[in-house]
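Please work through the exercises below with the sequence and the coordinates open beside you. Each task sentence is followed by a solution that goes step by step.

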Amino acid sequence: MLTRREPEAMGQADFPSRLRRHWVGYHQSVIRMLLATDSDSVHHALDAALGGDGIEIARVRAGVEVAAAVREQEPAVVICDLQIGNMGGMATCLDLRMEAEMGRLPETKVLMLLDRTADVYLARQAKSDGWLVKPLDALSVQRAVSAVLD
């Protein structure tokens, strides 16, 4: 006989409410996220903080790849590093906003990863839904993503 455990029984009671896994019968819903960073350490930190069953994290290494990935994957949130390859996080966020305004992309939540507190100004100018100043820790990442998705 198949049985299923409720999320609280699996130690997920402290996981932010929006990211808590939602069970539908024996199947689990999936939350898609897109990470735009060329830093392997940022990728590993976010994968450790957010990855697991029910969460898919796709990665692109350049800002110019983000719009196509959003069009193809339709993520719930784009997590965008401020310093990425040939098109920085600010320009990438602005591009997503303009493409959505023109109807060429779906509206997408954007969380920016900033290098310093002074960069909050840039995140606001880029119309980011939220931001997180590095260094990253698992709880801060989970809370920031949850806040952006609510």
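The exercises go from the whole chain to single residues.

The model is predicted, so that local features are reported at pLDDT of at least 70 and side-chain atom pairs only at pLDDT 80 or more, while totals for chains, interfaces and linings use all residues. Residues are numbered from 1 along each chain as its sequence is written, and side-chain values use heavy atoms, with hydrogens and water left out.

**Exercise 1. The chain as a whole**

Task: Determine how many helices and strands the chain has, and in what order they run.

Solution. Helices (H or I, at least four residues) and strands (E, at least two) are taken as DSSP runs and numbered from the N terminus. On that basis the chain has 5 helices and 7 strands, and from the N terminus on their order is β-β-β-α-β-α-β-α-β-α-β-α. With buried defined as under 20% relative accessible area, exposed as over 50% and partly exposed as in between (1.4 Å probe, protein chains only), buried residues make up 42% of the 150 residues. Counting as contacts heavy atoms within 4.5 Å, residues 24 or more positions apart account for 57% of the contacts with a separation of 6 or more.

**Exercise 2. Strands β5, β6 and β7**

Task: Establish in which sense β6 pairs with β5 and with β7, and trace the connections.

Solution. Two strands pair if DSSP finds at least two bridges between them. Strand β5 pairs with β6 in the parallel sense over 5 bridges, and Val77 stands opposite Lys109 in β6. Strand β6, residues 109–114, also pairs in the parallel sense with β7, here over 4 bridges; in this pairing Leu111 stands opposite Gly130, and Met112 stands opposite Trp131.

The handedness follows a stated convention: a crossover is right-handed if, with the strands pointing away from the viewer, the path from the first strand over the helix to the second runs clockwise. The chain crosses from β6 through helix α4 (residues 120–125) to β7 in a right-handed β-α-β crossover, and β5, α3 and β6 likewise make a right-handed β-α-β unit.

As for cover, 5 of the 6 residues of β6 are buried. In β7 (residues 130–133) the side chains alternate, with Gly130 and Leu132 pointing to one face and buried, while Trp131 and Val133 point to the other and are not buried.

**Exercise 3. Two cysteines without a disulfide**

Task: Explain why Cys80 is not bonded to Cys93.

Solution. A disulfide is a pair of cysteine sulfur atoms within 2.5 Å, and a search of the whole structure finds 0 of them. The closest cysteine sulfur to that of Cys80 is in Cys93, at 6.8 Å, and so it is too far for a bond. Cys80 is buried at a relative accessible area of 1%, and Cys93 is buried at 0%.

**Exercise 4. The surroundings of Thr92 and Ala69**

Task: State whether Thr92 is buried or exposed, and which residues it contacts beyond its neighbours within four places in sequence.

Solution. Thr92 lies in helix α3, residues 89–101, and at 1% relative accessibility it counts as buried. A polar atom of its side chain lies 2.8 Å from the backbone oxygen of Gly88. Leaving aside neighbours within four places in sequence, Thr92 is in contact with Gly63, Val66, Cys80, Ile84 and Met87.

For a parallel case, Ala69 in helix α2 (residues 66–73) is buried at 8% relative accessibility. Leaving aside neighbours within four places in sequence, Ala69 is in contact with Leu34, Val60, Glu74 and Pro75.

**Exercise 5. Backbone exceptions**

Task: Find which peptide bond is cis, and what phi Glu74 and Lys127 have.

Solution. As a reference, most residues other than glycine have a negative phi, and most peptide bonds are trans. The peptide bond from Lys134 to Pro135 is cis, with omega near 10 degrees, and Pro135 lies in the loop between β7 and α5. Glu74, in the loop between α2 and β5, has a positive phi of about 50 degrees although it is not a glycine, and it is exposed with a relative accessible area of 55%. Lys127, in the loop between α4 and β7, has a positive phi near 65 degrees and is partly exposed at 49%.

Definitions and conventions
Polar contact = N/O pair within 3.5 Å; in protein donor to acceptor, adjacent residues only side chain to side chain.
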